[in-house]
Amino acid sequence: MATFLTLRTDFFGRGFDHYRTPADSLAQANRWINQAYLKLCEEALWPFLLATATGSAPLAVADLRAIRTVKTAGVTRPLDPIDEDELADGYDLTTTGTPTWFYVDNLTVRTYPVGGTLTVRYWKVPAVLAADGDTALIPDRFCDAIVDRAVMAAAREDSPEAAAAARASYDDTLDLMRRSLLLADGVRHYQRQSA
């Protein structure tokens, strides 16, 4: 996977070498790269962002973006999602027992009845790249899209042509990512169920 240093070097090589120094210019380049990385990760529920958290309910998941499944120990069927307000209208949310439903409250997965050891399969929000050796979670073959998006931001005012070219390249890579990563049997199956 591409490192922060590699992404920054590629960005500089695209005509933005003047952002290496001074420190505030380098900080701006780092912001553009991180914004590009995080925005690309938000484009879809990518399989490379799937993660698992396990623990007792309620379970805090700091990097939670979207939940795929919530299971409790000893029960093979996943818990059903429910809106907290809908649940609170008819039930005492402090009742304990074997969970049937789950809901999310401020990045914490809660169950009703309260209890159980949970396994949460979810899509995460990736950490910001900070150190040179930090790696982007995006597969290497698609990391040029991060640089393209950073170039779009950097060139927006000074070189609309360069920004447009970077946008076209970004869109092509994004389309390829969607076809390659989201049309795998498991993801296609999941999307049909959730639609």
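**View 1. Asp171 and Arg167 pair within helix H5.** Asp171 is partly exposed, with a relative accessible area of 33%. The model shown here is predicted. Arg167 meets Asp171 in a salt bridge, with the closest N and O atoms 3.2 Å apart. Both residues sit in helix H5, 4 residues apart, so about one helical turn separates them. Arg167 is partly exposed too, at 37% relative accessibility.

**View 2. Arg179 and Asp175 form a salt bridge in helix H5.** The N to O distance is 3.1 Å. Again the spacing is 4 residues, about one turn of the helix. Arg179 counts as partly exposed at 47% relative accessibility. Asp175 is partly exposed at 38%. Elsewhere, salt bridges with shared partners link Glu43, Arg149 and Arg178 into one network.

**View 3. Arg178 reaches Glu43 through a salt bridge.** The structure holds 10 salt bridges. In this one, N and O of the two side chains are 3.2 Å apart. Arg178 belongs to helix H5 (residues 160-181) and Glu43 to the loop between H2 and S1, so the contact ties together parts that are 135 residues apart in sequence. Arg178 is partly exposed, at 33% relative accessibility. Glu43 is partly exposed as well, at 27%.

**View 4. Strand S7 pairs with S1 and with S3.** S1 (residues 50-56) and S7 (residues 117-124) are antiparallel, joined over 7 bridges. Ser56 has Thr117 of S7 as its bridge partner. S3 (residues 64-72) also pairs with S7 in the antiparallel sense, over 7 bridges. Here Ala66 stands opposite Trp123 of S7.

**View 5. Four strands make an open sheet.** The strand order is S2-S6-S5-S4, and the pairing is mixed. S2 (59-60) and S4 (80-81) stand at the edges; each has a single partner strand, so one side of each lacks a neighbour in the sheet. S4 and S5 run parallel, joined by 2 bridges. Asp80 has Trp101 of S5 as its bridge partner.

**View 6. Asn106 and Leu107 lie in the loop between S5 and S6.** Most residues other than glycine have a negative phi. Asn106 has a positive value, with phi near 55°. Leu107 also has a positive phi, near 65°. Asn106 is exposed, with a relative accessible area of 70%. Leu107 counts as partly exposed at 37% relative accessibility. The flanking strands are S5 (101-105) and S6 (108-112).

**View 7. Cis peptide bonds precede Pro22 and Pro113.** Most peptide bonds are trans. The bond from Thr21 to Pro22 is cis, with omega near -5°. Pro22 lies in the loop between helix H1 (4-16) and helix H2 (23-42). The bond from Tyr112 to Pro113 is likewise cis, with omega near -15°. Pro113 lies in the loop between S6 and S7.

**View 8. Acidic residues form a negative surface patch.** Asp83, Asp85, Glu86 and Asp89 make up the patch. Glu86 belongs to helix H3 (residues 84-90). Glu86 is exposed, with a relative accessible area of 53%.

Note on methods. Residues are numbered from 1 along each chain as its sequence is written. This is a predicted model: local features need pLDDT of at least 70, side-chain atom pairs count only at pLDDT 80 or more; totals for chains, interfaces and linings use all residues. Side-chain values use heavy atoms; hydrogens and water are left out. Patches are made of residues with over 30% relative accessible area and no salt bridge: like charges are joined within 9 Å, nonpolar side chains (Val, Leu, Ile, Met, Phe, Trp, Tyr) within 5 Å. Accessible areas come from the Shrake-Rupley method with a 1.4 Å probe; for residues, only the protein chains shown count as cover. A salt bridge is a side-chain nitrogen of Lys or Arg within 4 Å of a carboxyl oxygen of Asp or Glu. Lys and Arg count as positive and Asp and Glu as negative; His and the chain ends are not counted. The place of a charge is taken as NZ of Lys, CZ of Arg, CG of Asp or CD of Glu. Buried means under 20% relative accessible area, exposed over 50%, partly exposed in between (1.4 Å probe, protein chains only). Two strands pair if DSSP finds at least two bridges between them.
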